[in-house]
Amino acid sequence: MRIDILTLFPPMFDGPLNASIQGRAREAKLVEIHVHDIRDWSTDKHNKVDDRPFGGGPGMVMMCQPLHDAVLAVEKMDPRPAQRILLTPQGERTTQTMVETLASHERLVLIAGHYEGIDERVIEELAPLEVSIGDYVLSGGELPALVLVDAITRLIPGVLGHEDSAAEDSFSVKDGTGQPLLDTPHYTRPREWNGTEVPEVLLSGDHGAIARWRHQQRVDRTTTRRPDLRHSQPTPDSGTSSTQDV
Ligand code: 9D3
């Protein structure tokens with residue numbers, strides 16, 4: 001998979017893409033990631049990429065020309081057709097299902113804006129998939145682009161050390177009806193810490209009982225913490241009953 005990122009702030013990508021899982025995946029050639037400065041395609045003598053909004057208002061608007069030329073030039077760097085993605089608060093909210101779909105593409109071109117907005121005409125011309133990472137206000141699309149790259153690349157076979165990890169995540173573990181479930185709680189040594197014991201069942205060696213307990217924990221936690229993920233709404237009493245002896 002090849003991912004190209006178009007931005008006005010390439011330095012924002014240096015750390016995250018070279019550290020940890022991302023860095024290892026790139027070194028192992030499991031994913032190829034290139035960051036490009038949109039300003040490099042400005043034809044203006046002062047390398048201008050933004051201008052004042054027609055109709056007035058605060059902030060600056062990203063101009064059509066540099067972004068348009070940047071996308072076409074970057075796409076020519078590889079013959080595979082690219083899925084274009086614009087990170088924008090007006091986009092479809094990201095879900096794990098969307099991430100899985102994007103991970104199946106051989107090539108992605110991510111566009112991160114950092115102004116009050118982008119001239120609507122270049123959005124219409126490029127017709128990107130418009131994606132938001134959630135309903136809160138950030139300063140630009142750079143961090144959302146990194147969030148997407150992280151979520152996508154960890155699904156590429158070989159990227160995670162422990163191959164089962166991705167399959168066992170919250171939003172990947174499903175209940176009997178295919179609903180996503182949150183993760184089970186985790187414990188490690190010591191057996192007693194700060195006056196609290198690790199749940200007895202985890203020390204029992206009974207793998208069937210442990211699997212059933214963990215599943216029940218996932219169901220209970222999802223129902224109490226994320227009722228929006230369950231098809232049945234929680235009853236007033238749900239989550240308060242003990243699950244220790246399930
Ligand atoms: C306060 C400015 N807003 C006026 C209504 C518009 C606005 C423009 C640009 C708000 C945020 C941004 C910058 N954010 C993104 O480019 C962005 C984003 C986000 O802010 N939240 C969640 N997902 C995304 S994806 C891109």
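**Exercise 1. Find which residues E106 touches, leaving out those up to four places away in sequence.**

Start with the contacts. With contact taken as heavy atoms within 4.5 Å, E106 touches M1, R2 and R80, not counting residues up to four places away in sequence.

Next, place the residue. E106 sits in the loop between α4 (96-103) and β6 (107-112). The helix and strand labels are DSSP runs numbered from the N terminus, helices being H or I with at least four residues and strands E with at least two.

Then check accessibility. Buried means under 20% relative accessible area, exposed over 50%, and partly exposed in between, using a 1.4 Å probe and protein chains only. E106 counts as exposed because its relative accessibility is 51%.

Finally, look across the chain. E106 and T196 are 90 residues apart in sequence, and C-alpha to C-alpha they are 49 Å apart in space.

A word on what you're looking at: this is a predicted model, where local features need pLDDT of at least 70 and side-chain atom pairs count only at pLDDT 80 or more, while totals for chains, interfaces and linings use all residues. Residues are numbered from 1 along each chain as its sequence is written, and side-chain values use heavy atoms, with hydrogens and water left out.

**Exercise 2. Work out which residues of helix α2 are buried and where they sit around the axis.**

First, list them: in α2 (residues 20-27), the buried residues are Q22, G23 and A25. These cover an arc of only 165° around the axis, so they end up on the same side of α2. The arc is taken from the directions that run from the helix axis to the C-beta atoms.

Second, flip the helix over. The face turned away from the buried side carries the exposed residues S20 and E27.

Third, ask what does the covering. Among the elements over the buried residues of α2 are α1 (11-18), β2 (32-37) and α6 (142-153).

Last, step off the end: just after α2, K29 takes a positive phi of about 60°.

**Exercise 3. Pick out salt bridges and say whether their partners are buried or exposed.**

Set the rule: a salt bridge needs a side-chain nitrogen of Lys or Arg within 4 Å of a carboxyl oxygen of Asp or Glu. By this rule the count is 10 salt bridges.

Now go through three of them:

- R2 pairs with D4 at 2.9 Å, N to O, and both residues are buried.
- E75 pairs with R84 at 2.6 Å, N to O, and again both E75 and R84 are buried.
- D228 pairs with R226 at 2.8 Å, N to O. Here D228 is exposed, at 55% relative accessible area, while R226 is partly exposed at 29%.

To finish, go back to R2 and D4: together with E32 and R107 they are linked in a network of salt bridges.

**Exercise 4. Hunt for unusual backbone angles in the loops.**

Begin with omega. A cis peptide bond joins R189 and P190, with omega about 0°. P190 belongs to the loop between α7 and β9 (192-193).

Move on to phi. N47 isn't a glycine, yet its phi is positive, about 60°. You'll find N47 in the loop between β2 and β3 (50-51), partly exposed at 35% relative accessibility.

A127 is another non-glycine with a positive phi, near 45°. A127 lies in the loop between α5 (120-126) and β8 (129-132), and at 57% relative accessibility it counts as exposed.

**Exercise 5. Describe the domains, then the surroundings of A166.**

Take the bounds, which come from an automatic or database domain assignment: domain 1 is 2-153 and domain 2 is 166-231. Their C-alpha centres lie 36 Å apart.

Now zoom in on A166, which is in helix α7 (residues 165-168). A166 is buried, with 16% relative accessible area. Leaving aside neighbours within four places in sequence, A166 is in contact with R154, L155, L160 and S172. For R154, the C-alpha distance to A166 is 7.4 Å, with their positions 12 residues apart in sequence.
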